[in-house]
Amino acid sequence: MSKPAIGRDVHICVMGVSGVGKSTVGAELAARSGRSFGDADDLHPRSNVEAMAAGTPLTDTERGPWLDAVVAWLDERSEDTGGVVFACSALKRRYRDRLAEASAPVFFLHLTADTDELRRRMTERKGHFMHVDMLESQLADLEPIEADENGLEIPTSGSVTETVDAILARIRAV
Ligand SMILES: Nc1ncnc2c1ncn2[C@@H]1O[C@H](COP(=O)(O)OP(=O)(O)O)[C@@H](O)[C@H]1O
Ligand SMILES: O=C(O)[C@H](O)[C@@H](O)[C@H](O)[C@H](O)COP(=O)(O)O
């Protein structure tokens with residue numbers, strides 16, 4: 001199978017449930033592919049962060065304005081620097097379809113890990129508002145990337161560097 005070529009204008013979305021490693025893997029991928037990195041978590045309205053911190057899963061309604069803000073942010077970046085790597089849970093197909101409305105194409109990398117490992121990563125991560133009890137609702141909302149989407153599923157059982165190696169072996173980030 002030929003490797004998808006990700007041009008300079010294409011955004012790379014590192015997606016998946018909380019704690020899977022979107023920010024950690026995304027930052028290393030950005031550094032190694034010469035792109036800038038951003039975290040869509042930083043664009044959640046304060047009310048969304050407060051809800052999640054209090055253990056209340058977000059609804060589609062609450063995620064709507066956040067996704068709008070992420071698209072606006074991507075469109076600004078396209079004009080400034082071209083394609084970026086960004087971490088964004090993008091749990092449902094319809095959220096990814098909304099992100100794909102950005103002015104530049106978006107390529108999705110769906111990071112996966114088994115539930116015990118996700119729990120371990122969330123428990124060991126310090127100083128983050130997202131409690132491990134939210135994992136169940138994150139997994140319930142998750143709609144894995146589908147064959148007709150512009151993206152790939154990437155297992156993360158190895159180290160962060162091994163995951164980035166695996167990504168760069170499967171795409172050609174030009
Ligand atoms: N193989 C791995 N891949 C990604 N993260 C890992 C891995 N092993 C351990 N971790 C840890 O798991 C946590 C993942 O957190 P983070 O990157 O914030 O995830 P997310 O952005 O998906 O919520 C970090 O503390 C990271 O160091
Ligand atoms: O749509 C959501 O429910 C959120 O985006 C969620 O998936 C995300 O996990 C939190 O914002 C915490 O951020 P981390 O993914 O970095 O834990």
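**The helix pair.** Helices α1 and α7 lie oblique to each other in this close-up, which is drawn from a predicted model. Their axes come within 9 Å and cross at roughly 55 degrees. Angles under 35 degrees count as roughly parallel and those from 65 to 115 as roughly perpendicular, so an angle that falls in neither range, nor over 145, is called oblique. The crossing in which α1 passes α7 is right-handed.

**The contact between the two helices.** Residues of α1 meet residues of α7 in this view, with Thr24, Val25, Glu28, Leu29 and Arg32 on the α1 side and Val160, Thr161, Thr163, Val164, Ile167 and Leu168 on the α7 side. Sorted by class, the residues of this contact divide into 6 nonpolar, 3 polar and 2 charged.

**The surroundings of ligand 1.** A shell of 16 residues lies around ligand 1, and those that come nearest are Gly21, Lys22, Ser23, Thr24 and Arg121. The helices α1, which spans residues 22–33, and α7, which spans residues 160–170, each supply at least two residues of this shell. It is α1 that gives the most, with 4 residues. Thr24 therefore appears in two of these views, since this residue is listed among the nearest to ligand 1 and also among the α1 residues that meet α7. By class, the shell of ligand 1 holds 4 nonpolar, 9 polar and 3 charged residues.

**The surroundings of ligand 2.** Around ligand 2 there are 13 residues, of which Ser18, Asp41, Leu58, Ser89 and Met130 are the closest. When the residues of this shell are sorted by class, 4 are nonpolar, 6 are polar and 3 are charged.

**The protein from which the views are taken.** The protein has 7 helices and 7 strands, and from the N terminus on these elements follow one another in the order β-β-α-β-α-α-β-α-β-α-α-β-α-β. Taken along the principal axes, the C-alpha atoms fill a box of roughly 40 × 35 × 30 Å. A compact globule of 174 residues would have a radius of gyration near 16 Å, and the 15 Å of this protein agrees with that expectation.

How values were computed: Residues are numbered from 1 along each chain as its sequence is written. Chains are lettered from A and ligands numbered from 1 in the order in which they are written. This is a predicted model: local features need pLDDT of at least 70, side-chain atom pairs count only at pLDDT 80 or more; totals for chains, interfaces and linings use all residues. A residue is near a molecule or strand if its C-beta atom, placed from the backbone, lies within 6 Å of it. Ala, Val, Leu, Ile, Met, Phe, Trp, Tyr, Cys and Pro count as nonpolar, Asp, Glu, Lys and Arg as charged, and the others, Gly among them, as polar. Axes are lines fitted to C-alpha atoms, for helices over the stretch in contact, and angles run from 0 to 180 degrees between N-to-C directions. A crossing is left-handed if the near helix is turned anticlockwise from the far one by less than a right angle, and right-handed if clockwise. Two residues are in contact if their C-beta atoms, placed from the backbone, lie within 7 Å. The radius of gyration is taken over C-alpha atoms; the globule rule is 2.2 Å times the number of residues to the power 0.38.
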